[in-house]
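Subject: Structure handover

Hello,

Here is the structure for your files. Please look it over before reading the notes underneath.

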Amino acid sequence: MPRPFRTRTGPVECEVDTTVLNRILRNLQGNTQEAVRATAFAIEAKAKPKTRYDTGALRNSIYVRMGRRPAPLPEVEGNPVRVELPAPADDQTAHVGPSVDYGIYQELGTERMRAQAYLGPAVSEAASELGRNFRNVVTDGE
């Protein structure tokens, strides 16, 4: 029931329909997870072609991990040392990276090797998609 309030000209009643706002709030968590997922997979897709191609192990090892459950490591050629991405803190976080242990050295370089970044540039390119993916977070979906 609207609550009346007084103005100089007398009492005024106002009613606000929050149906759409309620629907947005109800879908907010699921929409956020979907936006994070879409952005993470866009980063993965942009990072893979930027890797230096020798055996293809680094390129094939890049994957997305969402949620707290372990994700299966992607298949790679050869027998490189494998590492699992850390578990995200919550369901609205994603980690994108390689499962081969030398991926960090390719990205950042070493004393003897210059950096051959692939994740940083992929994140920069995916930034344009970030706004589009998160625009749907605050829509009512109808």
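The notes below cover confidence, the core, two contact lists and a surface patch.

Confidence first. This is a predicted model. The mean pLDDT over the protein chain is 80, and 74% of the residues reach at least 70. Strand β3 (residues 63–66) has the highest confidence in the chain, at 92, while strand β1 (residues 5–7) has the lowest, with a mean of 60.

The core. Eleven residues make up the largest nonpolar core: I43, A47, A57, L58, I62, V76, V100, Y118, L119, A122 and A126. At least two of these residues come from each of α1 (19–47), α2 (57–61) and α4 (119–135). The biggest contribution is that of α4, with 3 residues. In soluble globular proteins, nonpolar side chains tend to be buried together.

Contacts of L58. Not counting neighbours within four places in sequence, L58 touches T51, P98, V100, Y102, G103, Q106 and Y118. Two of these partners, V100 and Y118, are listed in the core as well.

Helix α3. Q106 belongs to helix α3. Its relative accessibility is 9%, under the 20% limit, so Q106 counts as buried. With the same sequence neighbours left aside, the contacts of Q106 are R52, L58, M113, A115, Q116, A117 and Y118. I104 is also in helix α3, which spans residues 103–108. I104 counts as partly exposed because its relative accessibility is 46%. Together with Y105 and L108, I104 forms a nonpolar surface patch of about 330 Å².

Regards

Methods
Residues are numbered from 1 along each chain as its sequence is written. Side-chain values use heavy atoms; hydrogens and water are left out. Patches are made of residues with over 30% relative accessible area and no salt bridge: like charges are joined within 9 Å, nonpolar side chains (Val, Leu, Ile, Met, Phe, Trp, Tyr) within 5 Å. Accessible areas come from the Shrake-Rupley method with a 1.4 Å probe; for residues, only the protein chains shown count as cover. A salt bridge is a side-chain nitrogen of Lys or Arg within 4 Å of a carboxyl oxygen of Asp or Glu. Helices (H or I, at least four residues) and strands (E, at least two) are DSSP runs, numbered from the N terminus. Buried means under 20% relative accessible area, exposed over 50%, partly exposed in between (1.4 Å probe, protein chains only). A nonpolar core is a set of buried Ala, Val, Leu, Ile, Met, Phe, Trp, Tyr and Cys residues joined through side-chain atoms within 4.5 Å. Contact means heavy atoms within 4.5 Å. pLDDT is the predictor's confidence in each residue, from 0 to 100.
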